Amino acid sequence: LPVSKSNATENDVLKANLKGTDPAWRSNANRYLALYTADPGEAGTATTSEIAYTNYARVAVPVADWVDGGSDFSNTNLLQFPVCGVTGAVATHVAIVTTSAGAGQILYSGALDASLTISNLIQPQFAAGALHVQED
């Protein structure tokens with residue numbers, strides 16, 4: 001998954017590294033996985049282009065559920081979004097965000113390998129080890 005940080009997250013990282021200012025979201029027990037119909041962009045928030053199929057909700061991912069592979073972090077467990085009800089959508093991007101709902105901050109976002117058409121009774125999911133987050 002090629003990823004980028006939002007502008008707000010880039011600023012938080014600079015403040016943490018250069019000024020020792022810990023971002024408020026860092027101590028939260030969870031990060032959240034969100035789906036998007038288009039690239040939310042570096043200037044976006046967690047709601048920018050967020051998908052809105054029937055029953056959609058972000059998925060909580062405990063911070064302990066990321067495996068540190070050196071320069072590559074991956075998810076340790078199956079991550080499942082709610083099953084789609086009547087109205088679907090097409091997902092093109094995924095992001096790790098700071099809040100379970102609303103305009104939280106995008107920590108990392110990237111394009112899916114292929115667009116995913118989500119329709120009635122489809123449950124989007126990522127297998128254990130399928131999401132990779134890297135910085136260079």
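In this predicted model, the side chain of arginine 58 makes a polar contact with the side chain of glutamate 50, at 2.8 Å. The pair also qualifies as a salt bridge, with 2.8 Å between the closest N and O atoms. Arginine 58 sits in the loop between β1 and β2. With a relative accessible area of 11%, arginine 58 falls under the 20% cut-off and so counts as buried. A second polar partner comes from the backbone: the oxygen of threonine 99 lies 2.9 Å from a polar atom of the arginine 58 side chain. Beyond residues up to four places away in sequence, arginine 58 touches a varied set of neighbours, including Tyr32, Leu33, Ala34, Ala46, Thr47, Phe81, Val97, Ser100, Ala101 and Gly102.

The bridge to glutamate 50 belongs to a set of three salt bridges in the structure. Side chains of opposite charge can pair when their charged atoms come close. Another of these bridges joins lysine 5 to glutamate 135, where the closest N and O atoms are 2.9 Å apart. Lysine 5 lies in the segment before α1 and glutamate 135 in the segment after β9 (132–134), so this pair ties together parts that are 130 residues apart in sequence. The two partners can be told apart by their surroundings: lysine 5 counts as buried, at 16% relative accessibility, whereas glutamate 135 is partly exposed, at 45%. Arginine 26 and aspartate 22 form a salt bridge as well, with an N to O distance of 2.7 Å. Here arginine 26 is partly exposed at 45% relative accessibility, and aspartate 22 is partly exposed, with a relative accessible area of 45%.

Attention now turns to the nonpolar interior. In soluble globular proteins, nonpolar side chains tend to be buried together. The largest nonpolar core of this model contains 29 residues, and Leu33, Leu35, Ile51, Tyr53, Phe81, Val97 and Phe126 have the most contacts inside it. At least two core residues come from each of β1 (30–36), β2 (59–62), β6 (89–97) and β7 (106–118). Of the contributors, β6 gives the most, with six residues. Phenylalanine 126 offers a closer view: leaving aside neighbours within four places in sequence, its contacts are Leu33, Leu35, Asn75, Asn77, Leu78, Leu79, Phe81, Val94, Leu112 and Leu131.

Finally, helix α1 covers residues 7–19, a run of 13 residues. From first to last C-alpha, α1 reaches 17 Å, close to the expected 18 Å. Glycine 20 follows α1 and has a positive phi, near 75°.

Key
Residues are numbered from 1 along each chain as its sequence is written. This is a predicted model: local features need pLDDT of at least 70, side-chain atom pairs count only at pLDDT 80 or more; totals for chains, interfaces and linings use all residues. Side-chain values use heavy atoms; hydrogens and water are left out. A nonpolar core is a set of buried Ala, Val, Leu, Ile, Met, Phe, Trp, Tyr and Cys residues joined through side-chain atoms within 4.5 Å. Buried means under 20% relative accessible area, exposed over 50%, partly exposed in between (1.4 Å probe, protein chains only). Helices (H or I, at least four residues) and strands (E, at least two) are DSSP runs, numbered from the N terminus. Contact means heavy atoms within 4.5 Å. The expected span of a helix is 1.5 Å times one less than its number of residues. A polar contact is a pair of N or O atoms within 3.5 Å; within protein, one must be able to donate a hydrogen and the other to accept it, and residues adjacent in sequence count only if both atoms are side-chain atoms. A salt bridge is a side-chain nitrogen of Lys or Arg within 4 Å of a carboxyl oxygen of Asp or Glu.
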